[in-house]
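Student: Please take a close look at a single part of this model, and set out how the surrounding chain is arranged.

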Amino acid sequence: MSLKNENDKIRRRRKEEANKQVTLLRSSLKTKPDARLMAFDVETYENDKSITLEIGYVFVNLDKPEEKEAFHYIIEENLHYTNKEYVPDNRELFKFGTSQRMSLEKTAEKFKQHITDADFLVTPCWPS
């Protein structure tokens, strides 16, 4: 099976799981129906998890889920690292806006500024 087909299957599975989690979250947030969520993902180098390749996050208000604000940062000092052995390198395929290249230090500053705007954080949970 091709890598594209495998990625499509993963995307479908992730979307289904995300929909389940949003439903669960909505039911547990009845007291704050306008909650602002920040969902984020950090991609690391497959051979050294201490090397960050990209950080992406999106904000969504539960009362207006169609209005999203997305950010994606590709870490400049780690451009020479490429995932390919265990996971595909998709850092140039961000679909929700424009990616920005910047240092890990500046990316961390932006992340810290934005995280204070969130009522709740949502992170990926990968099965073991």
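Student: Is Thr52 buried or exposed, and what is its relative accessible area?

Tutor: This is a predicted model, in which local features need pLDDT of at least 70 and side-chain atom pairs count only at pLDDT 80 or more, while totals for chains, interfaces and linings use all residues. Residues are numbered from 1 along each chain as its sequence is written, and side-chain values use heavy atoms, with hydrogens and water left out.

Thr52 is buried, because its relative accessible area is 13%, and buried means under 20% (exposed is over 50%, partly exposed in between, with a 1.4 Å probe and protein chains only). The residue belongs to strand E2, residues 48-61, where strands are DSSP runs of at least two residues, numbered from the N terminus. Beyond its neighbours within four places in sequence, Thr52 is in contact (heavy atoms within 4.5 Å) with Val42, Glu43, Thr44, Ile75, Asn78 and Leu104.

The largest nonpolar core, a set of buried Ala, Val, Leu, Ile, Met, Phe, Trp, Tyr and Cys residues joined through side-chain atoms within 4.5 Å, has nine residues, including Ile55, Tyr57, Phe59, Phe71 and Tyr73. Strands E2 and E3 (64-75) are the elements that each give two or more residues to this core, and E2 supplies the largest share, three residues. When residues up to four places away in sequence are not counted, Phe59 touches, among others, Met38, Glu67, Phe71, His114 and Ala118. Apart from this core lies another, of six residues, among them Leu29, Ala35, Val60 and Leu62.

Key. Helix = DSSP H or I, 4+ residues; strand = E, 2+ residues; numbered from the N terminus.
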